[in-house]
Amino acid sequence: MSEDHPRDRFDLVPDAAAEAAFLDAWERGRLHHAWLLCGVEGVGKATFAYRAARRLLGAAADPGRGPLGARRDDPVSRLISAQAHPDLLVLERLVEGGKTKKSISVDQSRELPEFFSKSPSQAQHRVAIIDAADDLNVNAANALLKVLEEPPERGVLFLVTHAPGRLLATIRSRCRRLSFPIWTPDRLETLVRNRTGVEREDAEHAAAMAGGSPGAALALASGATFEMDQLARRWVEGDIDRAEALAVADKFRGAEGQERFEVLMDRLISAVKMRALGGGSSGHRWADLWERLQPLPERTAGLNLDRGDVLAGALADIRRVQVQQERMG
C-alpha cells in the first residue's frame, strides 16, 4: 500500500500532543464539532485528520502507532484507504483532464449539509475532511459557514489550513484550533534517513531546506524533487549550462510539464533564498532576486505563459547576479 496520500499513512505521528488533546476531549465527552488544523504545509495536518477519522469511525486502536494509531488491517481502515467509507466525506480540489482545479467549488461545499443531515450508517459519527480550507472559493466558504452555524449531531469536521489568517473570521471562531509545530532539523533528518535511505549529507540538506515540514523533507530527498533540487542548487552556485537548460525547458512543453515546472521553480526559488540568507556582499542582490522570482509560478499559470521562456528569464536573472558578484571579487 502506498503512503503517498495522508489516508494511507499509519506510522507517521505528526504531533503526539495534538493527538493527546483530541483524544482527551473525545474521552471526556467534550468533542468539538469542528477542528481547525493549523501549521505549515506538509507538517502532517491531513495525516492527523485521517488518523482521527479512523478512530472516530470505529477502527481498532493500535497504541504502538501513537495516541490515535489504528490497525492498518482493520476493515474501517481499509474502507477509508479505498475511499469507500459511507460515513466519511472528503473535500479537496478536483482533478479534471489531468489538471488540478485551483479551488474547491461551492457545489462541493454544498455536499456537506446533505452529508451531515443523515445518520451514521456504520459508525457513531459522520466525519468530513476539507483539505485544504484555504482552497475554498468565496461561495464555498460561505456554504461551509452555514454548516458551522448549525453543528451537525454526531458530526465532526476537520479543516486543514496552511494559512488560518486568510479564512473568514466567522469560520475560525466556530472551530477549535489545533496547531502543529514545525519539526526540528534533527527529527527531520532522522525521518528522511529512515524513510528514504539517502546519505547523511543529502538528508541534512533536505532537513535544512524543508522549513520544518516532514512532507517537504521527504519530497526533497526522493525522486524527481531530489533531482530538481540538485539541479537548482548547481545552477544557483554558478554552473548554468545553456544546452542543459534548454533541454530541461523542452520537458515543460504541454500540460504534462506543469508539475515539473512548479517543482523546479520551487527549488530554484529556495536555492536563491538560501544564497540571500547566506549574507555576504551580494546578499541584498540575491534577496532582491528572490522577491522577483517568488510570484513567477503563479503568474505563469494564471497568464498561461510559456514555461520554457519563464525558466530562461529566471536563469538569465540568476546569471546576472552571479556576474555582479564575480566583479566584486
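This is a short talk on the fold of one protein chain and on a handful of its residues.

Before anything else: the model is predicted. Every value I mention was computed from that model.

I'll start with the whole chain. It contains 16 helices and 7 strands. The radius of gyration is 22 Å, close to the 20 Å that the globule rule gives for 329 residues, so the chain is as compact as a globular protein of that length. Along the principal axes, the C-alpha trace spans about 70 × 40 × 35 Å.

How much of the chain is buried? Of the 329 residues, 46% count as buried. The accessible surface comes to about 16600 Å², and carbon and sulfur atoms make up 47% of that surface.

Next, contacts along the sequence. If we take contacts with a separation of 6 or more, 71% of them are between residues 24 or more positions apart.

On charge, the chain has 46 positive side chains and 48 negative ones. The centres of the two sets lie 3 Å apart.

Now to single residues, beginning with helix α2. This helix covers residues 45–56, and R51 is found in it. Is R51 buried or exposed? R51 has a relative accessible area of 1%, so it counts as buried, the cut-off being under 20%. A polar atom of the R51 side chain lies 3.1 Å from the backbone oxygen of F10. Setting aside residues up to four places away in sequence, R51 touches F10, L12, V13, P14 and E19, and also R65, G66, P67, L68 and G69.

T47 is found in helix α2 as well. At 0% relative accessibility, T47 counts as buried. Which side chain does the side chain of T47 meet in a polar contact? That partner is R9, at 2.9 Å. Beyond residues up to four places away in sequence, T47 touches P6, R9, L12 and P14. L12 and P14 therefore appear in the contact lists of both R51 and T47.

Moving on to a strand. L178 is found in strand β7, residues 176–179. Its relative accessibility is 7%, and L178 counts as buried. L178 and A21 are 157 residues apart in sequence, while their C-alpha atoms are 8.6 Å apart in space. The two residues are also in contact: not counting residues up to four places away, L178 touches A18, A21, W35, L36, L37, C38 and F48.

S213 is a loop residue. It lies between α9, residues 200–209, and α10, residues 214–220. Is S213 buried or exposed? With a relative accessible area of 2%, S213 is buried. S213 touches V40, E41, G42, V43 and L188, again leaving out residues up to four places away in sequence. The C-alpha atom of S213 is separated by 9.5 Å from that of P185, and these two residues are 28 residues apart along the chain.

A140 is in helix α6, residues 138–149. It is buried, with a relative accessible area of 0%. Apart from neighbours within four places in sequence, A140 is in contact with I104, S105, V106 and S109. How far is A140 from W235 in space? The C-alpha to C-alpha distance is 42 Å, with the two positions 95 residues apart in sequence terms.

That leaves the backbone. Most residues other than glycine have a negative phi, and most peptide bonds are trans. Here are some exceptions.

Where is there a cis peptide bond? One joins D131 and A132, with omega about 10°. A132 is found in the loop between β5, residues 126–131, and α6.

Then there are positive phi values. Q83, a residue other than glycine, has phi near 55°. Q83 is found in the loop between α3, residues 75–81, and β2, residues 88–91. At 58% relative accessibility, Q83 counts as exposed.

R154 has phi near 60°, also a positive value in a residue other than glycine. R154 is found in the loop between α6 and β6, residues 155–161. At 40% relative accessibility, R154 counts as partly exposed.

To recap in the order I took them: the chain has 16 helices and 7 strands. R51 in helix α2 is buried, and its side chain has a polar atom 3.1 Å from the backbone oxygen of F10. The cis peptide bond I mentioned joins D131 and A132. That is the end of the talk.

Methods
Residues numbered from 1 in each chain as written. Predicted model: local features only at pLDDT ≥ 70, side-chain atom pairs only at ≥ 80, totals over all residues. Heavy atoms only, no water. Helix = DSSP H or I, 4+ residues; strand = E, 2+ residues; numbered from the N terminus. Rg over C-alpha atoms; globule rule 2.2 N^0.38 Å. Buried < 20%, exposed > 50% of the residue type's maximum accessible area, 1.4 Å probe, protein only. Contact = heavy atoms within 4.5 Å. Areas by Shrake-Rupley, 256 points an atom, 1.4 Å probe, with all protein chains shown as cover. Lys, Arg positive; Asp, Glu negative; His and termini not counted. Charge placed at Lys NZ, Arg CZ, Asp CG, Glu CD. Polar contact = N/O pair within 3.5 Å; in protein donor to acceptor, adjacent residues only side chain to side chain.
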